[in-house]
Amino acid sequence: MTLWGAIVLAATVCLAMKAAGYLVPARILEEPRPARISDLLTVALLGALVAVQTLGAGQAVMVDARVPAVLVAAGLLWARQSFLVVVFAAAAVAALLRLAGLAA
């Protein structure tokens, strides 16, 4: 299968899944359990994305300046700081660690 064939197949599968979603009765979607599952699934996917982007380097796991930066960002978010403060602090931590040669 060529790359374009895989792209067309993936697009077709996504479109079919979206169309199948319209066939689910509204009463099922309005129940508390599916709503809770969809909320938790969103958080889990976001957490997985952060983990992959922080620790991933191709097929390997790499611990570098991104890990302390994410930990600082998580701490500042937990302390309810503004988003700009979180972003600038995490960037500063990563930059300082790379400048000091403590992390790649």
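The crossing of helices H3 and H4 is right-handed. This is a predicted model, and that applies to everything I say here. H3 covers residues 32-55, and H4 covers residues 66-78. Two packed helices are described by the angle between their axes and the distance between the axes. For this pair, the axes come within 9 Å and cross at roughly 145 degrees.

Which residues make the contact between H3 and H4? On the H3 side they are Val50, Gln53, Thr54 and Leu55. On the H4 side they are Arg66, Val67 and Val70. By type, four of these residues are nonpolar, two are polar and one is charged.

Let me stay with one of them, threonine 54, which sits in H3. Is threonine 54 buried or exposed? Its relative accessibility is 9%, and the cut-off for buried is under 20%, so threonine 54 counts as buried. What does threonine 54 touch, once neighbours within four places in sequence are set aside? The list is Met62, Asp64, Arg66, Val67 and Val70. Arg66, Val67 and Val70 also appear on the H4 side of the helix contact.

Now the protein as a whole. It has five helices and two strands. Along the sequence the order is α-α-α-β-β-α-α. Of its 104 residues, 9% count as buried, and threonine 54 is one that does.

On overall dimensions, the radius of gyration is 20 Å, whereas a compact globule of 104 residues would have one near 13 Å. Along the principal axes, the C-alpha atoms fill a box of roughly 55 × 40 × 20 Å. The exposed surface comes to about 8500 Å², and carbon and sulfur atoms supply 75% of that area. As for contacts with a separation of 6 or more, 34% of them join residues 24 or more positions apart.

The last residue I want to show is alanine 79. Where does alanine 79 lie? It is in the loop between H4 and helix H5, which spans 83-100. Alanine 79 has a relative accessible area of 44%, and exposed would require over 50%, so this residue is classed as partly exposed. How far apart are the C-alpha atoms of alanine 79 and threonine 12? They are separated by 44 Å, and the two residues are 67 apart along the chain.

To go back to the start: H3 and H4 cross at roughly 145 degrees, the crossing is right-handed, and Thr54 is among the H3 residues in that contact.

How values were computed: Residues numbered from 1 in each chain as written. Predicted model: local features only at pLDDT ≥ 70, side-chain atom pairs only at ≥ 80, totals over all residues. Heavy atoms only, no water. Helix = DSSP H or I, 4+ residues; strand = E, 2+ residues; numbered from the N terminus. Buried < 20%, exposed > 50% of the residue type's maximum accessible area, 1.4 Å probe, protein only. Contact = heavy atoms within 4.5 Å. Axes fitted to C-alpha atoms, helices over the stretch in contact; angles between N-to-C directions. Left-handed = near helix turned anticlockwise from the far one by under 90°. Nonpolar A, V, L, I, M, F, W, Y, C, P; charged D, E, K, R; others polar. Rg over C-alpha atoms; globule rule 2.2 N^0.38 Å. Areas by Shrake-Rupley, 256 points an atom, 1.4 Å probe, with all protein chains shown as cover.
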